[in-house]
2 protein chains.
Amino acid sequence: MNSKLEAFVMHCGEMGSRWGFNRTIGQMCGLILISKNPLTANEISDALNISRGNVSMGIKELQAWRLIQVQHIPGDRKEYYAPAGDIWTLALRVFEERRKREVDPTLSLLRDNLLTEPSNDAELYALEQMQQIHDLLETITHWAAELPKMGPEKLNTLMRLGAGVGKVLDMKDKFLNSADK
Amino acid sequence: MNSKLEAFVMHCGEMGSRWGFNRTIGQMCGLILISKNPLTANEISDALNISRGNVSMGIKELQAWRLIQVQHIPGDRKEYYAPAGDIWTLALRVFEERRKREVDPTLSLLRDNLLTEPSNDAELYALEQMQQIHDLLETITHWAAELPKMGPEKLNTLMRLGAGVGKVLDMKDKFLNSADK
DNA sequence: TTAAAGTTTCAGTAATTTCTGAAACTTCGG
DNA sequence: CCGAAGTTTCAGAAATTACTGAAACTTTAA
């Protein structure tokens, strides 16, 4: 394989654990992403030099993340794997899956906790802090749920606006106010 | 310690590795967050039942993340540790730090890679995919850099709008167009 | 029904990450 | 300069996580 492409795949491996999976799965993900044609499990195993069993587990995991899909080629019994969509779709899936793993459990613990009555000063403070965290996580969750509803173009517009969006929000208020009159 | 509070701290420990650090550091972070008063390293060590050395490393790490700050109490030589700001501030710091670790290295690798000329079909495809990833990550980076410039209130407005922000963007266009005429 | 082609599982092993605790270091008052 | 109070470092041990490969399982075509 071309050395630049290989470098990319290896990099995905190194980043794997930071992205929420492990080295092997990172590599697999990178490889499938940049391969023009769908790959079989054996091809993956050979290309990355990892055991067939490991590839099988990796595929299961990548399917759980909804990042790859199976394809079949007529007259061929093997399963071929390809990315489950374009880059935006995949990024949203990673984002969503990570939210599920990194935010949801905490949110639910906090909800439980916040039903408690504080019985002293220290507890009151702790509960207040937890309330803050809860509110923040809830806002993020709410927002994340809306993200995929916008198309990629709109998301791009929004992101490119950056802090400029603040001005647009102000404008919105002005607009609405003048409409009120 | 109250069992609910303890549950929260332990939960932070369990989530620690998902949030980008490890169990101990997660616990420390949770504990400091909900403690009304700043804590010494020894208090942390006792409360969490972890070795003094481990606490020392954890503090260093949490300082690298800019999540805690040192405080001194007059006439006391010990160092006291407290959160480095309100919840929004801390969340932004985690977000930023994670971006540095999870996105930046990939972005720089992709930039390098994209200087290459493709020498065949497969490579052309791979480079196109990398370009997509590159563009996405660059957009995210750009956007993330703007985030802290908005105050918490504006961020809240934005987040609460959710997909509704799409409509505001449309409105912006309408507004600008009518101004053009 | 059989066997060939392919996939999954999982016990054991390897690799990695985290933690401990003792020794080294720092800082400060006297 | 000394020693007490405090902090940091780091080699080795413990805990966790990931990987292999062989056996079990599944599917399909003849």
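**Exercise 1. Describe the burial and the ring geometry of the aromatic pair B:F21 and B:W65.**

Step 1. Both B:F21 and B:W65 are buried, where buried means under 20% relative accessible area, exposed means over 50% and partly exposed lies in between, with a 1.4 Å probe and protein chains only. The model is a predicted one, in which local features need pLDDT of at least 70 and side-chain atom pairs count only at pLDDT 80 or more, while totals for chains, interfaces and linings use all residues. Residues are numbered from 1 along each chain as its sequence is written, chains are lettered from A and ligands numbered from 1 in the order in which they are written, and side-chain values use heavy atoms, with hydrogens and water left out.

Step 2. Rings of Phe, Tyr and Trp (its six-membered ring) pair if their centres lie within 6.5 Å, and planes under 30 degrees apart count as stacked, over 60 as edge-to-face and the rest as tilted. The ring centres of B:F21 and B:W65 are 5.0 Å apart and the planes stand at 80°, so this pair is edge-to-face.

Step 3. B:F21 lies in the loop between helix 1 (3–16) and helix 2 (23–34) of chain B, and B:W65 in the loop between helix 4 and strand 2 (68–71) of chain B, so that the pair links parts of the chain 44 residues apart; helices (H or I, at least four residues) and strands (E, at least two) are DSSP runs numbered from the N terminus.

**Exercise 2. Characterise the salt bridges A:R98 to B:E102 and B:D104 to B:R99.**

Step 1. A salt bridge is a side-chain nitrogen of Lys or Arg within 4 Å of a carboxyl oxygen of Asp or Glu, and a search of the whole structure finds 22 of them over all chains.

Step 2. The side chains of A:R98 and B:E102 meet at 3.1 Å, N to O. This pair crosses between chains, from helix 5 (residues 87–102) of chain A to helix 5 (residues 87–102) of chain B, and both A:R98 and B:E102 are buried.

Step 3. In the salt bridge of B:D104 with B:R99, the closest N and O atoms are 3.5 Å apart. B:D104 is partly exposed, with a relative accessible area of 25%, whereas B:R99, at 15%, counts as buried.

**Exercise 3. Work out which residues and elements make up the surface near DNA strand D.**

Step 1. A residue is near a molecule or strand if one of its heavy atoms lies within 4 Å of it. DNA strand D is surrounded by 17 residues, the closest being A:T24, A:S51, A:R77, B:K60 and B:R77, and by class this surface has 3 nonpolar, 7 polar and 7 charged residues. Here Ala, Val, Leu, Ile, Met, Phe, Trp, Tyr, Cys and Pro count as nonpolar, Asp, Glu, Lys and Arg as charged, and the others, Gly among them, as polar.

Step 2. Of the strand atoms within 4 Å of the protein, 64% belong to sugar or phosphate and the rest to bases.

Step 3. The side chain of B:S56 has an N or O atom 3.2 Å from a phosphate oxygen of DNA strand D, and a polar backbone atom of B:E79 is 3.3 Å from a phosphate oxygen of the strand. The side chain of B:R77, by contrast, places an N or O atom 2.6 Å from a base nitrogen.

Step 4. The elements giving two or more residues to this surface are helix 4 (52–64) of chain A and helix 4 (52–64) of chain B, and helix 4 of chain B gives the most, with 5 residues.

How values were computed
A polar contact is a pair of N or O atoms within 3.5 Å; within protein, one must be able to donate a hydrogen and the other to accept it, and residues adjacent in sequence count only if both atoms are side-chain atoms.
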